[in-house]
Amino acid sequence: MSKSTASIRDCFFCGKHVPTGHGTMLVKNDGSIQWTCSNKCKKNLRKLRRDPRRFKWTEKYVKGGVRVKK
Ligand SMILES: [Zn+2]
């Protein structure tokens with residue numbers, strides 16, 4: 001996939017490309033912008049506060065899971 005387009009956006013949760021005109025932009029209090037491709041990602045990111053590396057349907061998924069330091 002080419003990343004030369006100026007308006008490239010990747011879903012903050014699943015890491016997939018969000019086409020122009022799609023997705024939801026979330027602006028945090030500190031001014032940073034997060035794009036999500038779908039309501040599913042938005043819900044997982046904001047409401048459920050899940051780690052995308054733990055879910056197989058995201059491109060950020062890490063095989064075998066994420067090691068969490070105790
Ligand atoms: Zn997504």
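Here are three short exercises on this predicted model, each with a worked solution.

**Exercise 1.** Which residues coordinate the zinc ion, and what arrangement do the donor atoms make?

*Solution.* Start with the ligands: the SG atoms of Cys11, Cys14, Cys37 and Cys41 coordinate the zinc ion at 2.2 to 2.3 Å. Next, look along the sequence, where these donor residues follow the spacing C-x2-C-x22-C-x3-C. Then turn to the angles. Four donors count as tetrahedral if all angles lie between 85 and 135 degrees. Around the zinc ion, the 4 donor atoms subtend angles of 104 to 117°, so the arrangement is tetrahedral.

**Exercise 2.** Which parts of the chain do Cys14 and Cys41 tie together, and are Cys14 and Cys41 buried or exposed?

*Solution.* Locate each residue in turn. Cys14 sits in the segment before strand 1 (24-27), while Cys41 belongs to helix 1 (residues 39-47), so the pair links parts that are 27 residues apart in sequence. Now check accessibility, remembering that buried means under 20% relative accessible area. Cys14 has 2% relative accessibility and therefore counts as buried. Cys41, at 1% relative accessibility, counts as buried too.

**Exercise 3.** How do strand 1 and strand 2 run, and which residues make the nonpolar surface patch?

*Solution.* Begin with the pairing: strand 1 and strand 2 run antiparallel and are joined by 4 bridges. Their hairpin has 5 residues between the strands, and Gly31 takes a positive phi near 95° there. Now find Ile33, which lies in strand 2 (residues 33-36). Opposite Ile33 stands Val27. Finally, add Met25: together Met25, Val27 and Ile33 make a nonpolar surface patch of about 280 Å².

How values were computed. Residues numbered from 1 in each chain as written. Predicted model: local features only at pLDDT ≥ 70, side-chain atom pairs only at ≥ 80, totals over all residues. Heavy atoms only, no water. Donors = N, O, S within 2.8 Å, 3.2 Å for Na, K, Ca; no water. Tetrahedral: all angles 85-135°; square planar, octahedral: opposite > 155°, others 65-115°. Helix = DSSP H or I, 4+ residues; strand = E, 2+ residues; numbered from the N terminus. Buried < 20%, exposed > 50% of the residue type's maximum accessible area, 1.4 Å probe, protein only. Patch = residues over 30% accessible without salt bridge, like charges linked within 9 Å, V, L, I, M, F, W, Y side chains within 5 Å. Areas by Shrake-Rupley, 256 points an atom, 1.4 Å probe, with all protein chains shown as cover. Salt bridge = Lys/Arg side-chain N within 4 Å of Asp/Glu carboxyl O. Pairing = 2+ DSSP bridges.
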